[in-house]
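Me: I should like to learn how to read the features of a protein model. Might we work through one together?

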Amino acid sequence: MSKTKVFIAGVLATTAAYVAYKALPKDKQDELSAKAHNMGALLRDKAYNAADVAADVTEKAKEKTAALKTDSQEKYADQIDAATEKIKDLTDQAAPYVDKAKDFVTPYIEKTQDALTDLRDKFASEDIELTQDDVDLEEALADLADDENVKDAEASSIKDDNTSETTAKPEA
């Protein structure tokens, strides 16, 4: 049925009920009105009672939730504090190593960037485009490692020379 037909049927049913009500004797009309008012008051009271019960249940649920939250915070507070302290300690312990690693890697990164810039500049004059895929990272790292090994070897040989000079001198 369309909305219009339903609306018309509702109007006709209401009109028929009203006509039937007016056709009743006055005492029957009063009795039906009293029953309708009583039923309305009863339904209104039940609705208010249901709203009160819903409010009570909601309030109890909020209280229970707050109590559980407080209990869990109290129960696990020591463990949470200990875990937080442990994480802070580990972070503090790791900070120097992270800084050391950054300091160690920074020159190599700068060297690599400089080498890439030099290569791009060199190939730019020859109209060759160098992309990231063209750079073999393993070879670049191996070259950097070789450079570092050479520096370490030079530093240790200088240290050995200094050590041998100090041990060879007689004390006066």
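The dialogue below takes up the overall make-up first and then some residues.

Reply: Please bear in mind from the start that this is a predicted model.

Me: Which elements does the protein have, and how many of each?

Reply: The protein has three helices and zero strands. Read from the N terminus on, the order of its elements is α-α-α.

Me: What share of the residues counts as buried?

Reply: A residue is called buried when its relative accessible area is under 20%. In this protein of 172 residues, 3% meet that description. The accessible surface amounts to about 15100 Å², and carbon and sulfur atoms account for 60% of it.

Me: Is L12 buried or exposed, and where is L12 found?

Reply: The term exposed applies over 50% relative accessible area. L12 is exposed because its relative accessibility is 56%. This residue is found in helix α1, which covers residues 3-23.

Me: Which residues form a nonpolar patch on the surface together with L12?

Reply: The partners of L12 in this patch are F7, I8 and V11. Taken together, the four residues F7, I8, V11 and L12 have about 410 Å² of accessible area.

Me: What can be said of T14 in terms of position, accessibility and polar atoms?

Reply: T14 lies in helix α1. With a relative accessibility of 54%, T14 therefore counts as exposed. A polar atom of the T14 side chain lies 2.8 Å from the backbone oxygen of G10. For a polar contact, the two atoms must be within 3.5 Å.

How values were computed: Residues are numbered from 1 along each chain as its sequence is written. This is a predicted model: local features need pLDDT of at least 70, side-chain atom pairs count only at pLDDT 80 or more; totals for chains, interfaces and linings use all residues. Side-chain values use heavy atoms; hydrogens and water are left out. Patches are made of residues with over 30% relative accessible area and no salt bridge: like charges are joined within 9 Å, nonpolar side chains (Val, Leu, Ile, Met, Phe, Trp, Tyr) within 5 Å. Accessible areas come from the Shrake-Rupley method with a 1.4 Å probe; for residues, only the protein chains shown count as cover. A salt bridge is a side-chain nitrogen of Lys or Arg within 4 Å of a carboxyl oxygen of Asp or Glu. Helices (H or I, at least four residues) and strands (E, at least two) are DSSP runs, numbered from the N terminus. Buried means under 20% relative accessible area, exposed over 50%, partly exposed in between (1.4 Å probe, protein chains only). A polar contact is a pair of N or O atoms within 3.5 Å; within protein, one must be able to donate a hydrogen and the other to accept it, and residues adjacent in sequence count only if both atoms are side-chain atoms.
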